Each structure stands twice: as C-alpha cells, then as structure tokens.
Amino acid sequence: MPDPRLLVVAQRYGDVAGGAELHARQLATRLAGAGVDVEIATTTARDYWTWRNEFPAGEDRIDGLRVRRFAVAAPRAPEFRRAERAAFAEGHSLADERAFIEAQGPVVPELLDFLMREGDGYDHILFFTYIYYPTVYGLPLVADRAVLVPTAHDEPAIRLTTYRALFHAPRAIAFNTAEEREMVQRLFRNARIPNEVVGVGVDVAPSPSAERFRAAHGIEGPILLYVGRIVESKGCDELFAFFTRWRELAPDAHRATLVVAGHAEMRIPDRPDVRHVGYLSDAEKFDAYDACDVFVMPSRYESLSMVALEAWAMGRPLLCHAECEVLRGMSRRAGAGLYYRSFAEFAEAVELLLSDGDARARLGARGRRFVDTTYTWPRVIETYLDLFAEVRARNRS
Amino acid sequence: MNRLELLAVCASVDEPVRSWLERLARRYLLEVAAPGPTAGTETIGEQLELRRFATATPPQEHDGRFREAVGRARARGPWTPDLFEFLHHEHARYRAVVFLSYASPLTAFGLPLVPERAILLPLVDDDADLGAPPYRALFHLPRAIGYRDDVERERVQRATRNEDVPYELVGLDGSGADAAFDRLVATALHA
C-alpha cells in the first residue's frame with residue numbers, strides 16, 4: 001500500500017523566522033520520517049511583513065521534501081493598518097473584513113488554483129494558521145481532507161465573521177494547547193469537529209552551557225531572559241518599563257540583567273542592565289536558557305510559546321503576563337510559573353523568583369516534567385497519524 | 001408549540017415555498033429574508049414577516065480558476081450584499097437560520113457567515129456540480145441538513161463526504177413534513 005500523501009500549506013516555509021513556520025517545518029520533516037509522503041505548498045515570501053517575493057517560484061527541496069512555491073501576487077498593502085483598524089472597529093462591514101484579509105496577504109491566487117486542480121490527489125491537507133489568505137480561501141476548497149492547525153489566540157481578528165466558516169469546515173482541528181481549544185470552541189460552538197490538543201515536540205540542544213553564554217556576553221549575576229521578536233505587540237515595551245522601574249526602586253538590592261534575544265523591531269533601552277544579544281543560534285539559545293534564572297514572556301497573545309516550552313524543558317521557571325490565557329493556563333496546569341497583570345505583581349514575582357532558589361528549582365522541575373510528558377515528538381507524531389487515519393477513513397469510498 | 005426565533009433565507013417566496021413558510025410561521029417566531037427590487041419590510045398573508053433586500057450586480061471575477069468559479073456562483077443570482085451585511089450584524093437575534101437551495105448565492109455566500117446556527121435545505125438539482133467552490137465546503141458547515149429524500153442525501157454525501165453533518169429527511173409539503181422539520185431544528189440546536 002502506498003504511503004498516505006500529505007500536503008502542508010503554510011504562508012512561508014524554509015529558512016524563515018516565525019513560530020508557526022518553524023512548527024510546520026519540524027512537523028513536516030518528522031511526519032516524513034514516520035512514513036508519510038509529505039509535500040509543502042507555500043509562497044515565495046521570506047518576510048512576514050512585506051511578503052516580498054524572495055524565493056524563486058516553482059519547485060524547491062528542503063530537508064529532502066518537495067516544496068512548491070507560488071508567487072505572491074500582492075504584498076501586504078501600504079494601507080494595511082488602516083484596513084485593520086476598520087475591520088476591528090465596532091459596527092464594521094463584511095467589506096471591511098475582506099479588505100483587511102486581502103491587505104494583510106499574502107495574496108496567492110496560484111496556490112488556490114493548485115489546490116483546486118491537485119487537492120484531491122492528497123489524502124490530507126494540513127493548513128497552518130487560521131488568519132492568512134492561503135488558509136481563509138484555500139481550506140474551503142478541500143474541506144473534506146483539511147486538517148487545520150489554527151495557532152489561534154484571543155485577538156480581535158478571530159472574532160471577524162469571515163473566519164467563522166473556517167472553524168466549521170475542516171475534517172479535523174489540531175490545537176496547540178487545551179486553552180486554545182477551549183477558546184475556539186467557546187467562540188465557534190464547533191465541538192463536533194474531531195480535534196486533538198497536539199502541539200509540538202521540544203528538542204533540547206546537546207550540552208547547553210551557562211558559562212559559555214555568560215562568558216560570550218560578559219554577564220554576571222541573575223538573569224531574566226526573553227527570547228523572541230522584540231516588538232510592542234509582544235509586550236516588550238511593558239517589560240522594559242516594568243524592569244527598569246523595578247531596578248530603579250532599589251538599585252543595590254534589585255540586582256539582575258534583563259537579556260533580550262531576537263530581532264529588534266522597537267527601541268531597546270540603552271542601559272547596562274538591559275542587554276540585547278541579537279538573534280541566537282539554536283545552541284546559543286539553549287546556552288541562554290541554561291544561564292537564566294527566570295524566563296519571561298510578556299506577550300498577551302500566544303497560542304503556544306515554543307520558547308517558554310524550551311525554557312521549561314531546561315528547568316527554568318516562567319514569568320508570563322496574566323492576560324495571556326494560554327500561558328497562564330499552562331503555568332497553572334504545569335505548576336511551573338508565575339504571572340503578573342501589574343507592575344506591583346511583576347515586582348513581587350521577580351523578587352520571589354530571584355531570592356528563593358528552592359522555589360525557582362521547584363517550579364523549573366515541574367516545567368521540565370510538564371514538557372517531558374506532554375510536548376514530545378513521539379506523542380505529537382502519533383496523534384497526527386491518528387487524526388490523518390480518521391480523515392482517510394471518512395473519505396474512503 | 002415551538003416559539004423560537006428563526007430566520008428563513010430564500011430566493012423566492014412563491015409557491016410552494018410560501019405555504020411552507022406560512023405553516024412555519026404558525027409554529028415559530030419567524031422572519032423571512034428574500035431578495036426584492038427594493039429594500040423594505042412587509043407582511044404577507046396573515047403573519048409572514050418579510051424582509052426584502054435589494055439585488056445588485058455581482059462583482060466580476062476573471063483572475064484564475066478559483067475566482068472564476070466564485071464569479072460563476074455569484075452570477076447565478078440573485079446577488080444581495082445587504083442581506084450578507086444583515087447576517088453579519090444581526091445573526092445573533094436568531095436561534096437558527098434556515099437556508100433554502102444550496103445553489104442560490106444567498107445560501108452559498110450567506111451560510112458561511114453563520115455556520116454555528118445554519119440549517120440547510122439544499123434542494124439539489126440533478127446536474128449540480130457540488131465539487132466546485134464555493135459549494136464543496138458548504139455542505140460541511142451547517143448544524144444540520146434537511147434532505148428531501150435518500151436519493152438526494154446519498155448524492156450529496158457521495159460528492160462532498162459530509163456524512164458527519166446531522167440530517168433529517170424533510171419535504172416542504174406532504175404528511176409529516178412539519179414534524180420532520182421540527183426534528184431538524186431540534187437536531188440543529190441540540191445535536
């Protein structure tokens with residue numbers, strides 16, 4: 001019997017930054033290793049903001065898998081922010097919503113035509129991320145074999161009428177967390193769609209070294225670490241404000257360095273206790289986890305924080321924003337983190353975590369256990385294979 | 001007697017649909033949405049509240065297979081963008097929205113706006129192309145589907161593989177039609 005055929009549809013693929021894109025690539029590669037015949041349909045864009053055509057259109061091979069790239073017909077529109085404001089405003093129209101989706105992009109009509117032409121040749125088609133054009137218009141073309149990985153969080157876009165059908169059409173839904181599933185089912189009343197909380201597996205780099213990281217960057221003393229895009233939408237402005245205020249309250253007693261790693265899209269405070277170490281390789285990132293005392297995730301909007309899982313896998317406690325339902329829920333279930341919704345709570349949590357090594361170790365150990373039992377690749381792959389088998393069974397003649 | 005808010009979306013209120021709607025209005029708090037030359041509300045018969053939505057010329061689509069298929073579906077008419085805006089803004093007023101005829105653009109483009117409360121009576125023709133957009137996903141979306149008979153059900157299920165959508169066999173008239181429709185509404189609300 002031939003291997004089941006899977007098409008993975010993602011807005012970008014390959015050597016690109018981005019959590020959902022990394023998730024898609026890791027999953028595609030591992031499913032191929034588990035005997036699934038995997039192909040990828042994606043765009044020629046590398047940058048998620050401009051969607052500029054940077055990869056050549058046509059066939060590519062990545063990690064041994066066939067990748068079909070389709071040209072972006074229209075980049076993110078210059079008036080995107082205006083379209084977004086209009087679509088998110090009270091009393092907006094359907095036309096506002098459609099204008100927002102088109103302005104957001106990436107507009108890839110040739111990918112839709114490919115799905116119409118060739119979609120039936122695949123046993124299952126995995127769509128990554130609910131929000132972008134390829135999923136909004138592509139998934140309904142192959143609904144009977146579609147599995148949606150929504151990577152949804154509670155944000156204004158998910159309440160748009162235009163997205164509603166997406167959550168009722170697929171054959172199955174793969175959620176990243178129990179919190180994401182609860183939110184989606186509350187918003188859409190779509191519990192009848194077969195689904196699983198799947199997530200991703202966490203790979204820990206071999207031989208991480210705190211000393212190597214501290215030596216490379218000349219950092220001593222306690223470290224609070226953030227890894228990710230350094231941008232206001234991830235809550236980094238508030239993190240910088242809270243951290244500097246906490247330090248200035250008692251500069252001698254409140255000793256710590258806030259280390260931020262990733263691409264900076266906003267101004268970073270120019271002071272010795274805030275260190276931007278740039279984009280880290282995988283090995284360097286795990287050195288940083290090993291060096292830190294507390295991992296901080298200030299974002300209010302996360303469907304799954306890969307870096308938080310990695311920090312937990314390294315036995316570090318998490319400090320997250322209380323308004324991020326996903327991370328707060330995971331912290332509660334894992335018993336592996338604290339959360340804040342104000343400066344006072346941030347300060348109290350930081351002081352507790354930095355002054356009480358036992359508490360830190362206890363929380364970190366629980367985080368490691370949580371990742372070891374929930375976010376492992378064998379479990380993830382087995383769950384996807386079960387979902388795919390269900391899709392095939394329902395489509396069997 | 002069931003007294004819950006129901007919106008019926010249909011391209012025409014001519015017979016036999018009109019008689020069916022009048023019987024429905026005796027059992028449900030019913031409003032009907034239908035196209036018309038001008039927008040407005042009217043009461044027809046004894047208690048049929050009708051909202052008319054003005055028809056418009058559908059936008060032309062020529063760019064690629066997908067857009068052409070969508071353009072063809074719109075061009076079947078009637079095209080009523082104000083009805084879609086009404087569903088977008090006012091859907092929460094209704095416990096369920098019943099769509100008549102899958103091929104009508106009112107259904108093909110209206111039902112996806114309210115899948116969580118949609119009931120579809122597809123009225124599939126013999127020459128229907130159910131695999132083309134926007135119809136292929138349409139049959140997976142509603143809370144429940146009312147097929148006229150097993151022949152229609154088998155045809156739709158074979159073409160769209162939507163066996164997991166709850167259904168009832170429901171006619172617009174004939175003995176047992178009203179009871180079958182009431183079961184369909186109950187299925188949609190509670191299944």
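1. A word on terms before the hairpin: two strands count as paired if DSSP finds at least two bridges between them. Please keep in mind that this is a predicted model. In chain A, the hairpin of β3(A) and β4(A) has two residues between the strands, and A:Asp63 takes a positive phi near 55° there.

2. Staying with that hairpin, β3 of chain A covers residues 58-62 and runs antiparallel to β4(A), with five bridges joining the two. If you would like a pair to look for on screen, A:Ile62 has A:Leu65 as its bridge partner in β4(A).

3. Strand β4 of chain A (residues 65-70) also pairs with β2 of chain A (residues 37-43); these two run parallel and are joined by five bridges. Here a handy pair to find is A:Thr42 with its bridge partner A:Arg69 in β4(A). As general background, strands of a sheet pair through backbone hydrogen bonds, either parallel or antiparallel.

4. Now to the helices of chain A. Helix α6 (residues 178-188) and helix α11 (residues 325-334) of chain A pack at an angle of about 130°, and their axes lie 8 Å apart. That angle is why α6(A) is described as oblique to α11(A). The crossing of α6(A) and α11(A) is right-handed.

5. Which residues make the contact between these helices? From α6(A) they are A:Ala178, A:Glu179, A:Glu180 and A:Met183, and from α11(A) they are A:Glu325, A:Val326, A:Gly329 and A:Met330. Sorted by class, the contact of α6(A) with α11(A) has four nonpolar, one polar and three charged residues.

6. Chain B offers an open sheet of eight strands with mixed pairing, in the order β3-β4-β2-β1-β5-β6-β7-β8. At its edges are β3 (40-44) and β8 (167-169) of chain B, each of which pairs on one side only. From one strand to the next, the twist averages 25°.

7. Within the chain B sheet, β2 (residues 29-36) and β4 (residues 48-54) run parallel and are joined by six bridges. One pair to pick out is B:Val32, whose bridge partner in β4(B) is B:Leu50. Helix α3 of chain B (residues 81-90) packs on the sheet and touches β2 and β4 of chain B. The direction of α3 makes about 120° with that of β4(B).

Methods
Residues are numbered from 1 along each chain as its sequence is written. Chains are lettered from A and ligands numbered from 1 in the order in which they are written. This is a predicted model: local features need pLDDT of at least 70, side-chain atom pairs count only at pLDDT 80 or more; totals for chains, interfaces and linings use all residues. Helices (H or I, at least four residues) and strands (E, at least two) are DSSP runs, numbered from the N terminus. Axes are lines fitted to C-alpha atoms, for helices over the stretch in contact, and angles run from 0 to 180 degrees between N-to-C directions. Two residues are in contact if their C-beta atoms, placed from the backbone, lie within 7 Å. Angles under 35 degrees count as roughly parallel, over 145 as roughly antiparallel, 65 to 115 as roughly perpendicular and the rest as oblique. A crossing is left-handed if the near helix is turned anticlockwise from the far one by less than a right angle, and right-handed if clockwise. Ala, Val, Leu, Ile, Met, Phe, Trp, Tyr, Cys and Pro count as nonpolar, Asp, Glu, Lys and Arg as charged, and the others, Gly among them, as polar.
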